[in-house]
Amino acid sequence: MTASGTFGFGEEYEDFIDISALGGIVVKGTTLHHREGNPYPRMAETASGMLNAVGLQNKGVDYFVENIYPRIKHYDTGIFVNVSGSTIEEYVQTAEKLNDLEKIPGIELNISCPNVKEGGMSFGVHCPSAIAVTSAVRDVYKGHLMVKLSPNVTDVTEMARGVEGAGADSISLINTLLGMAINAEKRRPLLSTITGGLSGPCIKPVALRMVWQVYNAVKIPIIGMGGIMNATDAIEFMLAGSTAIQVGTANFIDPTISVKIIEGIKEYMQRHNITDVNSLIGGMLID
Amino acid sequence: MKKRVELFTVTRNRRINNEYIVLYAKPDGKLPDIAPGEFVEIKVENGPNTFLRRPISIHEVNKDSNEMLLLIQEVGEGTRLMVDLQPGDKLDLIYPLGNSFTVPKRGKMLLVGGGVGVAPLLILGRRLREEGAEVNFLLGARNREILMDLTDYKQYGPIGVTTEDGSAGVKGFVTDHPLLKERLKDMDRVYTCGPDAMMRAVATAAKGAGIACEVSLENMMACGFGACLCCVVETKSGNKNTCTEGPVFNIEDLKGW
């Protein structure tokens, strides 16, 4: 799959790849109302990664349903909508509006965006809030409910168990790590919001560790992500316990990387005489 | 034009001065049509500090030799690696990206560039002349040592020059040159690319004279093709992506210009 916020609505990649070749796409974070996002600058390059502070810029769920969905519903792939909000009620109303879209098999509940002042990550770093928003959405949403967890917590397994108990069908992790960057010469922050979300290969070891911990804590499937740049990285996430993986920041550097990763996984399976890719899930060998 | 990821081969590295080089590179197949103002995203190999691609304006294309020319100024680790590229080296490009400058068939055009911002003005000057418009360049630099080689520009129109220390042309900024101070009212359209402060000063002058002005912005971006939403600029109709809805904007559409 491709990760939300790095793949637009799929259309941005149509020149480069066949979107239908992918297992799924998670489209840009969608909220109940239109959001302009944060002021520029929203991005800073860091060692083996980048910080972003886009701030959930989007035109709102109604615009998605009326204008974008009709354009992308022909993709023969699982189209998941990443849903965010400032209040539980906003999450619930947004999810309800996506209920009847035939080609949207599920939503990814974003309780981990570090770039909005209110809501977002505050739901994902406080267990009772995470449970409350998950169960409220579960009550109204009929499709697959994936909940995206934040790494900015003391114990990610507590959050994972909480949302599993609240009715999540799967867990995706990790969202970006909260970080910041400063220009020493100018003595100024590089992002307009000062802090932002760190992504890219620099976060991969943290992400792998969290996937492994969550794999040992819950029964529902895990969609692992965090710095996946190639097929080997993807396989590592599967060995740590991911049923599926999402590719994020790597799409910016190579817009064809997602299909290359699929090919690379097939090649790995052939080389290791593996016929069922599911046998890789949690397949790390420990003496 | 369909965007693509393609491996180019460097054919020439032409040193302009201590800071600038022009890279000549060609793809295996035929170069598509390139419009003035479009850019490429270059993948810089090696090093954790050059993780993202670098957006670089297309300086010129040579259809006969099937070469694309990129003007590169050494400013950081990424551009330092590019400046060292030699004939035979590979260059991984995503292109063509962005929109392009308006190319009318007639009228007096003033093309104002500062620093490495002079890059897209060469292909723009050629295209304007091909269509029948009159081209005037105004190019600024810090000093004579890093002034762009003017040879290629000369074939399309007269060139006014400014340097901050007065070592070449008029001393000062481009806005101190008679072309902007006195003769702007004779122009039909101004195009500008360069440092933000310079473009804003040019835009203010154009606005004052009631002349249409297009600017090419250089906002930082992660992808270059509309996915990351990092390079937004505030316009009168909300945030727009510099990479897909720009980099060229009419100043009338921009907020705060």
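Let's start with a small number: the second largest cavity in this structure has a volume of about 30 Å³. Keep in mind that you're looking at a predicted model. Which residues line this second largest cavity? They are B:Tyr20, B:Gly115, B:Val118, B:Gly140, B:Ala141, B:Ile146, B:Leu147 and B:Met148. Sort that lining by character and you get 6 nonpolar residues, 2 polar ones and no charged ones.

How does anyone find such spaces? Rolling a probe the size of a water molecule over the atoms shows where empty space is left. In this model, 2 cavities of 30 Å³ or more turn up.

Now for the largest cavity, which has a volume of about 480 Å³. Its lining takes in 35 residues, and the ones nearest the centre are A:Ser4, A:Thr6, A:Asn52, A:Asn175 and A:Thr176. Three elements of chain A give two or more residues to this lining: strand S1 (24-30), strand S3 (49-52) and helix H8 (250-253). As for character, the lining of the largest cavity splits into 15 nonpolar, 18 polar and 2 charged residues.

Next, have a look at the sheet in chain A. Here 7 strands form an open sheet with parallel pairing, and you can trace the order as S1-S4-S5-S6-S7-S12-S13. Why do S1 and strand S13 (244-245) of chain A each have one side without a neighbour in the sheet? Both stand at the edges with a single partner strand, so nothing in the sheet sits on the other side.

Finally, zoom in on one pair: strand S7 (residues 170-173) and strand S12 (residues 222-224) of chain A, joined in the parallel sense over 3 bridges. For A:Ser172, the bridge partner in S12(A) is A:Ile223.

Note on methods
Residues numbered from 1 in each chain as written. Chains lettered and ligands numbered in written order. Predicted model: local features only at pLDDT ≥ 70, side-chain atom pairs only at ≥ 80, totals over all residues. Heavy atoms only, no water. 1 Å grid on protein atoms, 1.4 Å probe; cavity = no way out; pocket = protein on both sides within 12 Å on 5 of 7 lines; lining within 4 Å. Points joined across faces, edges and corners; volume = space filled by probe spheres on them. Helix = DSSP H or I, 4+ residues; strand = E, 2+ residues; numbered from the N terminus. Nonpolar A, V, L, I, M, F, W, Y, C, P; charged D, E, K, R; others polar. Pairing = 2+ DSSP bridges.
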